[in-house]
Amino acid sequence: MNGARETTIKERSIETSGQRIAWLESGAGWPVILLHAFPMNADMWRPQLAAVPDGWRFIAPDLRGFGQTPFSNQADGKRPALDDYASDVGCLMDALELDSAIIGGLSMGGYVTFAMFRQAPPRFSGMILADTRPQPDTRQAREGRLRLREVLAHEGPTGVAEQMLPKLLSERTRRERPDIVDHTRRIAVSNQSRAIDAAIIAMMDRQDSTRDLARISCATLVIAGADDSVTPVADAESMHLAIPRSILTIIPGAAHLSNVEQPDAFSKALSDFLVAHL
């Protein structure tokens, strides 16, 4: 895969402006920052971190309260918003002395990517938008998130995981690949309830990023699972058409967590993009 070989994944953390941030890292070279989906954490990127192309350094942070990053409210006691997650990643880049990087994410990670772009466009030497969309929630989507908050309040992260699995993974994977289902469930239930709740609210309140698409001047990879019902292929096609220097890759046999369901295909698309377009 374009010089990719098995790499050692390092677990690291650092204090930045009073907030400890944990991340997974592998490889060496130009940085690629990968932001995780909801209700996952950086562990979802282990298939990509295990085989980094030569000349690249993959960094996968845990957002607040997810994985090994502790949850913390704002100084005023308010829940973190997507802009705060984006600022956290910017602080991590500062701490690692990274002026710019290829930055991207999947689903909620894509929403954070859009927020980062609004805050600091020059930090992007490239962008990755996987199984995500620029539009804010519809009324129906907001109602669904409110119901999910109720599930969380009564059943905790386990209830959220069971509600989300049919959306995250394709029906065929759920039927034929119990290892992938169990792996996804384990990641989802490992996260803190208050962080999950804060993320639900942050996604409900996110800005419309549609007008930002035409301003993205860096090379951009748009990826979508062919069976994704949460952010369908049509959403990815629309983003591709609106972003001047974008390419579009559709991953067969994958739903919303395309990098988890089809890790080899996702990693190849990412590697080909890094080598050919940057």
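Visitor: By class, how many residues in the lining of the largest cavity are nonpolar, polar and charged?
Guide: This is a predicted model, in which local features need pLDDT of at least 70, side-chain atom pairs count only at pLDDT 80 or more, and totals for chains, interfaces and linings use all residues. Residues are numbered from 1 along each chain as its sequence is written, and side-chain values use heavy atoms, with hydrogens and water left out. The lining of the largest cavity (points on a 1 Å grid over the protein atoms alone where a 1.4 Å probe fits but cannot get out, with lining residues having an atom within 4 Å of a point) consists of I21, P61, D62, L63, R64, T69, D88, V89 and L92. With Asp, Glu, Lys and Arg counted as charged, Ala, Val, Leu, Ile, Met, Phe, Trp, Tyr, Cys and Pro as nonpolar and the others, Gly among them, as polar, the classes come to 5 nonpolar, 1 polar and 3 charged.

Visitor: Which helix gives the most to the lining of the largest cavity?
Guide: The largest cavity holds about 50 Å³ of space, and the count of cavities of 30 Å³ or more comes to 2. For the lining of the largest cavity, the element that gives the most, with 3 residues, spans residues 82-95 and is helix α2.

Visitor: Which helix supplies the largest share of the lining of the largest pocket?
Guide: The largest pocket (an open set of points with protein on both sides within 12 Å along at least five of seven lines) has a volume of about 560 Å³. Of the 21 residues that line the largest pocket, A141, G144, R145, K167 and V230 are the closest to its centre, and by class the lining has 9 nonpolar, 7 polar and 5 charged residues. The largest share, 10 residues, comes from an element that covers residues 139-168, helix α4.

Visitor: Why is the pair of W45 and F266 put in its class, and what is that class?
Guide: The structure holds 2 aromatic pairs (ring centres within 6.5 Å, with planes under 30 degrees apart counted as stacked, over 60 as edge-to-face and the rest as tilted). Because the rings of W45 and F266 have centres 5.9 Å apart and planes at 55 degrees, the class of this pair is tilted.

Visitor: How many residues apart are W45 and F266, and are they buried or exposed?
Guide: W45 and F266 have the same burial class (under 20% relative accessible area counts as buried, over 50% as exposed and in between as partly exposed), since both are buried. W45 lies in the loop between β4 (29-35) and α1 (46-49), whereas F266 belongs to helix α10 (residues 263-277), so that the pair links distant parts of the chain, at a separation of 221 residues.

Visitor: Why is strand β6 described as largely enclosed, and how many of its residues are buried?
Guide: Strand β6 pairs (at least two DSSP bridges) with strand β3 (residues 19-27) in the antiparallel sense over 5 bridges, and S26 stands opposite F58. β4 and β6 also pair over 5 bridges, in the parallel sense, with G29 and G55 as bridge partners. Strand β6 (residues 55-61) is largely enclosed by the rest of the structure because its buried residues number 6 of the 7.

Visitor: Which residue in β10 stands opposite G225?
Guide: Strand β9 (residues 220-225) and strand β10 (residues 246-251) pair in the parallel sense over 6 bridges. Opposite G225 in β10 stands I251.

Note on methods
Helix = DSSP H or I, 4+ residues; strand = E, 2+ residues; numbered from the N terminus. Points joined across faces, edges and corners; volume = space filled by probe spheres on them. Phe/Tyr/Trp six-rings, centres within 6.5 Å; stacked < 30°, edge-to-face > 60°. Buried < 20%, exposed > 50% of the residue type's maximum accessible area, 1.4 Å probe, protein only.
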